[in-house]
Amino acid sequence: MKRILCIMLLVLLCAGTALAEMPAGLSEQAQQAYAGLRDIDVFAFEPIGYAGDEPYGPYAMAGLFAQDNALEIFEALEADATPAGKLHALCALYYLDNEGYAKRLEKYAEDASPVRQMSGCIMWETPMKDVVFSGDSRAVRLKDQYDTIEAWEQRTGISDWVSDFAGGTYPKFMMEKVRQVMMSGQEYDADTEEPDEAEPDDDAPDTRLTETAAPTQNPNAPVT
């Protein structure tokens, strides 16, 4: 009997962990974006598939990043999401809490959870620890969210660089896509998997995001 009770308690505790509550006060649209990112199974920011469809992640992130409590939202998402969802959250947290970013990454140093990435028609799986921390000596290491890849290239003389999360390149490219979505006012159409045109936001752009240049190579492809 004690054994059965212990098993039931363990199941309840695991269920409570997997179904952590969303941050309070989210609109219905923001709740949908949160749920979509929480359950997302692919990390991508470039067009995907043979039709070149827009990935869902950047559109959902744009809606959440615009919230007043964006830091709270993405902190909850990092704790609550799939491996791919955690990567989306880390991209936002690189900008929202850059000082605490390196500390956040420590938990992933030994995380072997497989995470799927996609670019164009190519999909691949990589252990979380290797996506977050590249062991390649060519991995970019930006100083902070205001540093640029171009400046890093000039400092190091390395042009055939490699991306990861610890160095800031994946967050740079993902959040550049998010910035473009926010500036254009586009909304994601789940039925057609293509963005719908919406009225551009006349407000000033979000200063938490800085422009990044377009990649000189595909940072989202497996290193060969």
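**Exercise 1. Salt bridges and exposure**

Classify Asp39 as buried, partly exposed or exposed, and state which residue its side chain meets in a salt bridge.

*Solution.* Asp39 has a relative accessible area of 47%, so it is partly exposed. This placement rests on the cut-offs, because buried means under 20% and exposed means over 50%. The model examined here is a predicted one. In this model the side chain of Asp39 meets that of Arg38 in a salt bridge, with 3.1 Å from N to O. A search of the whole structure finds 13 salt bridges.

**Exercise 2. Two further salt bridges**

Describe the salt bridges of Arg138 and Arg141, and state how accessible each partner is.

*Solution.* Begin with Arg138, whose salt-bridge partner is Asp136; the closest N and O atoms are 2.9 Å apart. Arg138 is partly exposed, at 24% relative accessible area. Asp136 also counts as partly exposed, at 26%.

Turn next to Arg141, which meets Asp164 in a salt bridge of 2.8 Å, N to O. Asp164 lies in the loop between H8 and H9, while Arg141 lies in the loop between H7 and H8, so the pair ties together parts that are 23 residues apart in sequence. Asp164 is buried, with 0% relative accessibility, whereas Arg141 is partly exposed at 35%.

Finally, salt bridges with shared partners join Glu75, Glu78, Asp97, Arg104 and Lys107 into one network.

**Exercise 3. Overall architecture**

Determine how many helices and strands the protein chain has, and in what pattern they follow one another.

*Solution.* The count comes to 9 helices and 4 strands. Along the sequence, these elements follow the pattern α-α-α-α-α-α-β-β-α-α-α-β-β. Of the 224 residues in the chain, 42% are buried. Among contacts with a separation of 6 or more, 64% are between residues 24 or more positions apart.

**Exercise 4. The largest nonpolar core**

Identify which members of the largest nonpolar core touch the most other members, and which helix gives the largest share.

*Solution.* The core has 48 residues, and those touching the most other members are Met61, Phe74, Leu87, Phe165 and Met175. Elements that give two or more residues to this core include helix H2 (28-39), helix H3 (57-65), helix H4 (70-80), helix H5 (83-96) and helix H9 (169-184). The largest share, 10 residues, comes from H5. As background, nonpolar side chains tend to be buried together in soluble globular proteins.

Consider H5 itself. Of its 14 residues, 13 are buried, so the rest of the structure largely encloses this helix. At 1.5 Å a residue, H5 should span 20 Å, and its end C-alpha atoms are indeed 20 Å apart.

**Exercise 5. A buried residue in H4**

State where Ile73 lies and which residues it touches.

*Solution.* Ile73 belongs to helix H4. Its relative accessible area is 0%, so Ile73 is buried. Not counting residues up to four places away in sequence, Ile73 touches Pro23, Leu26, Tyr34, Leu64 and Gln67. Leu26 is 47 residues from Ile73 along the chain, yet their C-alpha atoms are separated by 9.2 Å.

**Exercise 6. Helix H9**

Explain why H9 is described as largely enclosed, and name what covers its buried residues.

*Solution.* Of the 16 residues of H9, 12 are buried, so the rest of the structure largely encloses the helix. Among the buried residues are Thr169, Tyr170, Phe173, Met174, Met175 and Val178. Their cover includes H3, H5, H6, S1, H7 and H8.

The length of H9 can be checked next. The expected span is 22 Å at 1.5 Å a residue, and the end C-alpha atoms are 23 Å apart, which agrees. Just after H9, Gly185 takes a positive phi of about 75 degrees.

**Exercise 7. The S1–S2 hairpin and Asp111**

Describe how S1 and S2 pair, and establish which charged side chain of opposite sign is nearest to Asp111.

*Solution.* Strand S1 (residues 114-119) pairs with strand S2 (residues 122-127) in the antiparallel sense, over 6 bridges. One of the residues involved is Pro114, whose bridge partner in S2 is Pro127. The two strands form a hairpin with 2 residues between them, and Gly120 in the turn has a positive phi of about 60 degrees.

Asp111 lies in the loop between H6 and S1. Asp111 is buried yet has no salt bridge, and the nearest side chain of opposite charge, Lys86, is 7.0 Å away. The cut-off for a salt bridge is 4 Å. Leaving aside neighbours within four places in sequence, Asp111 is in contact with Pro127, Met128 and Lys129.

Key: Residues numbered from 1 in each chain as written. Predicted model: local features only at pLDDT ≥ 70, side-chain atom pairs only at ≥ 80, totals over all residues. Heavy atoms only, no water. Core = buried A, V, L, I, M, F, W, Y, C linked by side-chain atoms within 4.5 Å. Buried < 20%, exposed > 50% of the residue type's maximum accessible area, 1.4 Å probe, protein only. Expected span 1.5 Å × (residues − 1). Pairing = 2+ DSSP bridges. Lys, Arg positive; Asp, Glu negative; His and termini not counted. Contact = heavy atoms within 4.5 Å.
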